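Work through the exercises below with the model open beside you. Each task is followed by a stepwise solution.

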Amino acid sequence: MDVSKILDPLNNAQRQAVCAEAANVLVLAGAGSGKTRVLVHRIAWLLASENVSPYGILAVTFTNKAAGQMRARIEQLRGTPSGGMWVGTFHGLAHRLLRAHWKEADLLQHFQVLDSEDQFRAIRRLIKEMGLDEGQWPAKESQWYINARKDEGLRPDNLEHHNDPHKRGMIEIYAEYERYCQRVGAVDFAELLLRSHQLWLRNPELLTHYQQRFKFILVDEFQDTNTIQYAWLKLLAGDNTGMFAVGDDDQSIYGWRGARVENIHQFSKDYTGTETFRLEQNYRSTGNILNAANALIDHNSERMGKELWTDDGDGELIQLYAAFNEQDEAQFIIDKVKDWIDKGGLRSENALLYRSNAQSRVLEERLINYGIPYRVYGGLRFFERQEIKDALAYLRLTNNREDDASFERIVNVPTRGIGSRTVEIIRDTARNSGSSMWQAAYHLIEHKELASRALNALQFFVKRIEEIKSAIENLTLHEQIEHVIHESGLIDHYKKEKGERGRTRLENLDELINAGKNFDEDALEEEIETSDVLTAFLSHASLEAGERQGDEWDDCVQLMTLHSAKGLEFKQVFLCGLEEGMFPHRLSSEDASKLEEERRLCYVGMTRAMQKLVISYAEKRRLYGEEKIARASRFISEIPTEFLEEIRLGSSVATLSTMAAVEDKEAPVKLGQRVMHAKFGEGIVLNYEGQGRHARVQVNFEMAGSKWLVMEYANLQFC
DNA sequence: ATATAGAATCTTTTT
DNA sequence: GATTCTATAT
């Protein structure tokens, strides 16, 4: 292939990294510096010049989206499908390994992948079964504990309780959970990695096979790797493997879930002769935005060091708005968004970023008020929806009747008279005989050890599952799904749910059949055995939970947390709620390293902006029902004033029409509304009492301070 | 089995 | 303040 096509689109630094001769390469790629491009072109370069076949390449990312994009861009650049290459997420690749070597990994052939909700439910059930007090041993905490240990590569056997009763309990729960997973063939996310790591350790010839196969390993977002992921990579990389790691220590924002930036420092030590490259030219943001971001992140210690720059101009200054309260802040932001749209910009070019999800509500209310379509990221995803998980649980139970989690989920959904008491008896019976709940149910029916009503109901359930099982045996996946959602009674069950919610649930179940259809087609192409399609589909549902549900509008304002904004870019970005306690969050303010992570988060947020960045904070904020006075975030003072432009009260466009509408209703004014008084000047509505002409309004004037005024006489102008 | 009231909780999230 | 779970009553 023509090498110039690979190298010409690159700048100097990018080209050096792509063509690096060193076996091991570390690329420190700043925000917007062409990180993905370098990865993609490196792969194309290796294939073209090093005489490597796609078979010898493994590229690993964190999200399915990133993996998909990378694969697509490689194929686009090379103009040919890249069969044989392994491109995927850590979990996806680990899963692939375990499917191929389930026996050596000591798993059941049809092992299932638990998503975090499945895991949570399993742990909660086990804690109950163990007779532990749920108040003292919250399932959430245990789940967190177990995952953190697995991410560190630790099994219960490797853990010491040091006579700490709390620790001892946690370890016991962990051990119990492991036994359960092993028995029913369940594998959670962390287990995928830990288990495949173990698979290699215990089967040296298998490890050698993969080490010899993969001549080059490429890692995206290296700063986000945790202990087990790095160990996994290190094990897989043999003596002759070339490692190519791309990352940005300044964008490490997942320390709280086990990511270790240290790995980036460790890399050059572990791989001697590592050549390090820095990508500092930014193709996204204006000079002012970059300089401000550089100055902010400079307050962090222990950085690898990197300074973003651009060839383009300085652009506009960063706007800073000190809002009176969160209502005022929202009003200001929405006014600016409206300006943008009125000037012909797209709604989707605007992103409203915040530290925590609770902040979205006020913004949403304003957007609804103005009839501006928007989309909030972060809701439930398709395969996480209740009705979908119910349907999947039926499929799982027919597939594997040892699956207690699924059994318990659907034994009384739709309600068929199997109450919590009956479930408890089944659970106890299962526990006492060391069998599954399914077997226990059988036992109870056979020996008539239940009250007749419960017995009949249980018998009905068991029979129904058996019927479904035999009916779907020779069907294609989508036919299986269709059969299951009807015969299980789920359709009828959700038909009864009134309103919008019930309707979307039915639509989703319909959509599940569609998903099955697509899966069938893919399976046909890849010649997957019919009996394995269901298992593959169930794993797919766990590993790739699907798109987050958003509004149906194509062009809408984007609302999301700073964390979910990573990797994205927008022409106009609003960073909202920059107050001490909010951002940096109070739970992350005491600890120096946590604070630095917050600062990196701020850095990530700022560098999302292409043209305009607007930062705002509220002096007073109502949160969780309580009003709190706040100070501006320290991050604001860490940005040199030369890059900032303070926006004064009332400089935004008047919104007379909307206020008239509000005035018609019982409230005389809206809280947080800007008003103008002939004598006192401009202010913000703080409070009001009464209605109509007799209403009194409290206004905080910019110059004159806070005053109570009677609407009838005050003659306030809304602006 | 459902309905309602009171309590508890409220950072960030992918796989 | 809003949601979501839990306990209690019917």
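**Exercise 1. Find what the side chain of Arg505 meets in a salt bridge, and place both partners.**

Step 1. Apply the rule: a side-chain nitrogen of Lys or Arg within 4 Å of a carboxyl oxygen of Asp or Glu. The side chains of Arg505 and Glu387 satisfy it at 2.7 Å, N to O.

Step 2. Locate the partners. Arg505 belongs to helix 23 (residues 499-526) and Glu387 to helix 16 (residues 386-399), so the bridge ties together parts 118 residues apart in sequence. Helices (H or I, at least four residues) and strands (E, at least two) are DSSP runs, numbered from the N terminus.

Step 3. Check burial. Both Arg505 and Glu387 are buried. Buried means under 20% relative accessible area, exposed over 50%, partly exposed in between (1.4 Å probe, protein chains only).

Step 4. Look for shared partners. One salt-bridge network joins Asp115, Glu117, Asp118, Arg121, Lys389, Asp390, Arg396 and Arg409.

Ground rules: this is a predicted model, where local features need pLDDT of at least 70 and side-chain atom pairs count only at pLDDT 80 or more, while totals for chains, interfaces and linings use all residues. Residues are numbered from 1 along each chain as its sequence is written, chains are lettered from A and ligands numbered from 1 in the order in which they are written, and side-chain values use heavy atoms, without hydrogens and water.

**Exercise 2. Are Lys306 and Asp250 buried or exposed?**

Step 1. Confirm the pair. Their side chains form a salt bridge at 3.1 Å, N to O.

Step 2. Place it. Lys306 sits in the loop between helix 13 (287-297) and strand 9 (318-325), Asp250 in the loop between strand 7 (242-247) and helix 12, so parts 56 residues apart in sequence are tied together.

Step 3. Read the accessibility. Lys306 has a relative accessible area of 7%, so Lys306 is buried. Asp250 has 1% and is buried.

Step 4. Take a second pair. Asp270 and Lys234 meet in a salt bridge at 3.2 Å, N to O. Asp270 is in helix 12 and Lys234 in helix 11, 36 residues apart. Asp270 is partly exposed at 29%. Lys234 is partly exposed at 36%.

Step 5. Get the total. The structure counts 50 salt bridges.

**Exercise 3. Which residues touch the most other members of the largest nonpolar core?**

Step 1. Define the core: buried Ala, Val, Leu, Ile, Met, Phe, Trp, Tyr and Cys residues joined through side-chain atoms within 4.5 Å.

Step 2. Rank the members. Of 50 residues, Phe383, Phe407, Phe461 and Phe537 touch the most others. Helix 20 (residues 452-472) gives the most to this core, with eight residues.

Step 3. List contacts (heavy atoms within 4.5 Å). Beyond four places in sequence, Phe537 touches residues including Phe383, Leu392, Leu477 and Phe519.

Step 4. Look elsewhere. Another core lies apart, with 41 residues, among them Val60, Trp200, Leu207 and Tyr230.

**Exercise 4. Describe the aromatic pair of Phe222 and Phe267.**

Step 1. State the rule: rings of Phe, Tyr and Trp (its six-membered ring) pair if their centres lie within 6.5 Å; planes under 30 degrees apart are stacked, over 60 edge-to-face, the rest tilted. The structure holds 19 such pairs.

Step 2. Classify. Phe222 and Phe267 are edge-to-face, at 5.4 Å centre to centre and 80 degrees between the planes.

Step 3. Place them. Phe222 is in the loop between strand 6 (216-219) and helix 11 (227-236), Phe267 in helix 12 (residues 262-270), 45 residues apart. Both are buried.
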